[in-house]
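Please go through the model shown here and explain, term by term, what justifies each structural label.

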Amino acid sequence: MSGTELITGIGELTTHDESGERRHDAALVIGDGRILWIGAASSAPAADRRTDVDGRAVLPGWVDSHTHLVFGGDRSAEFEARMAGQKYAAGGINTTVAATRAASEEQLVATARGLRHEAETQGTTFLETKTGYGLDVDSEARSARAAARVADVVSYLGAHIVPNGLDRRDYLDLVTGPMLAAVLPYVQFIDAFCEVGAFDVEETREVLLAGRAAGLGLRVHGNQLGFSGGVRLAAELGAHSVDHCNYLEPSDIDALAASATVATLLPACDLSTRQPFAPARQLLDAGVTIALATNCNPGTSYTTSMPFCVATAVLQMGLTVTEAVWAATRGAAASLGRDQGTDAVGSLWVGGLADLQVLNAPSISHLAYRPGVPLTASVWRRGVRVD
């Protein structure tokens, strides 16, 4: 629907502007996919349409900066075994690799689109997803094409694990050579799983530098299951983000604080794998930029709910509601290099993209105050209301 729309009657407006304040009795006007005006409801200009949200809270749409939506199959049996006490190990990924290789591109797209829609109905307006369940040239290329049809940003994760039956050196040559070339038209970042059971620091460095040479931004899965060295490598190389960060030494936190690398924390995954939560409070207090994301994947975090991650970060990780919402919006945007400029996401400002959500609550505090309750009342993505 074209024209302008006034959204008024906002009880609490979170914009993530420089003041950091939540505005009250506010209104905004959107049109052509962007925000045209923000101010007091009593001063609102005329618009073609008027939507009164009747005292509800309005905030930026969630930015889910770490997902794995392109996959085949199901790992519920593995989940049940883990809940019964079996320890999580990276090798379980091979189960999804087999199912993903057997799926068609259209099947992969259909699964990913269903999950994206599920996320949108919970307030997510921008998301990243990864390859990493194909792990041969043809399957990774198919996964990258499928991901590009669904997600806003795509990361190449050929360095997820070494598939069964392959020599490590041969596989690394594939990841940094023919596989990288095959996915390059569809991806913006390269990622690697720097962990016991996956890739060590020097192998991860080799993968990331090959991606950088091809023009890709850098992301790292690091320090999820132990002190893998991935965090310090990410900071050293100036990666956009290092994700998981469950096991950190003081020197890891110092390295992140001295860098521009965002620490992306994945609380739903921590619950599912029964790992200790990442030290969110210590990271923030040290001056590290943090993000929150779902890590939606079939093995260790099969959820698309950013509100669940926000609530968990407040209730279990020591963040305030304001800090958690910022991490799930503007912090996550920073981890993707999308927090500045005309196409920035994760914040609301005049001239910016009209990606926003309305809560069926008067304040963002209800996201943690009423955990598990579906509070998303409505969502606009690029100025269009999500059905």
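Q: What makes the contact between the side chains of Arg 168 and Glu 203 a salt bridge?
A: In this predicted model, the side chains of Arg 168 and Glu 203 meet with an N to O distance of 2.8 Å; the criterion asks for a Lys or Arg side-chain nitrogen within 4 Å of an Asp or Glu carboxyl oxygen, so the pair qualifies as a salt bridge.

Q: Why can the pair of Arg 168 and Glu 203 be said to tie together parts that are apart in sequence?
A: Arg 168 belongs to helix H5 (residues 168-176) whereas Glu 203 belongs to helix H7, so the pair links parts that are 35 residues apart in sequence.

Q: Why is Arg 168 called partly exposed, and what class does Glu 203 fall into?
A: Buried means under 20% relative accessible area and exposed means over 50%, with partly exposed in between. Arg 168, at 37% relative accessibility, therefore counts as partly exposed, and Glu 203, at 14%, counts as buried.

Q: Which residues are joined into one network by salt bridges that share partners?
A: Glu 105, Glu 106, Arg 145 and Arg 149 are linked in this way.

Q: What makes Glu 128 and Lys 130 a salt bridge, and are these residues buried or exposed?
A: The closest N and O atoms of Glu 128 and Lys 130 are 2.6 Å apart, and because the limit is 4 Å the pair is a salt bridge. Glu 128 has 0% relative accessibility and so counts as buried, and Lys 130, at 0%, likewise counts as buried.

Q: What distance supports the salt bridge between Arg 101 and Asp 136, and where do the two residues lie?
A: The side chains of Arg 101 and Asp 136 meet at 3.4 Å, N to O. Arg 101 is in helix H2 (residues 93-102) and Asp 136 is in the loop between strand S7 (124-130) and helix H4 (137-148), so this pair too ties together parts that are 35 residues apart in sequence. Arg 101, at 34% relative accessibility, counts as partly exposed, as does Asp 136, with a relative accessible area of 25%.

Q: How many salt bridges does this rule count?
A: The count comes to 27 salt bridges.

Q: What makes helix H8 mostly covered, and what do its buried residues pack against?
A: Six of the eight residues of H8 (residues 230-237) are buried, namely Gly 230, Val 231, Leu 233, Ala 234, Ala 235 and Leu 237. These buried residues pack against strand S9 (189-194), helix H7 (201-213), strand S10 (217-222), strand S11 (241-244) and helix H9 (250-257). Just after H8, Gly 238 takes a positive phi of about 70°.

Q: How do you know that S10 and S11 pair, and in which sense do they run?
A: Pairing requires at least two bridges, and four bridges join S10 to S11, which run parallel; Arg 219, for instance, has Ser 241 in S11 as its bridge partner. The chain crosses from S10 through H8 to S11, and this β-α-β crossover is right-handed.

Q: Which strand of residues 262-265 pairs with S11, and over how many bridges?
A: Strand S12 pairs with S11 in the parallel sense over three bridges, with Ala 263 in S12 as the bridge partner of Val 242. S11, H9 and S12 make a right-handed β-α-β unit.

Q: What makes both faces of strand S14 covered, and which strands pair with S14?
A: In S14 (residues 356-359), Leu 356 and Val 358 on one side and Gln 357 and Leu 359 on the other are all buried. Strand S5 (residues 57-60) pairs with S14 in the antiparallel sense over three bridges, Val 58 standing opposite Val 358, and strand S15 (residues 376-381) is joined to S14 by four bridges, also antiparallel, with Leu 356 opposite Trp 380.

Note on methods:
Residues are numbered from 1 along each chain as its sequence is written. This is a predicted model: local features need pLDDT of at least 70, side-chain atom pairs count only at pLDDT 80 or more; totals for chains, interfaces and linings use all residues. Side-chain values use heavy atoms; hydrogens and water are left out. Buried means under 20% relative accessible area, exposed over 50%, partly exposed in between (1.4 Å probe, protein chains only). Contact means heavy atoms within 4.5 Å. A crossover is right-handed if, with the strands pointing away from the viewer, the path from the first strand over the helix to the second runs clockwise.
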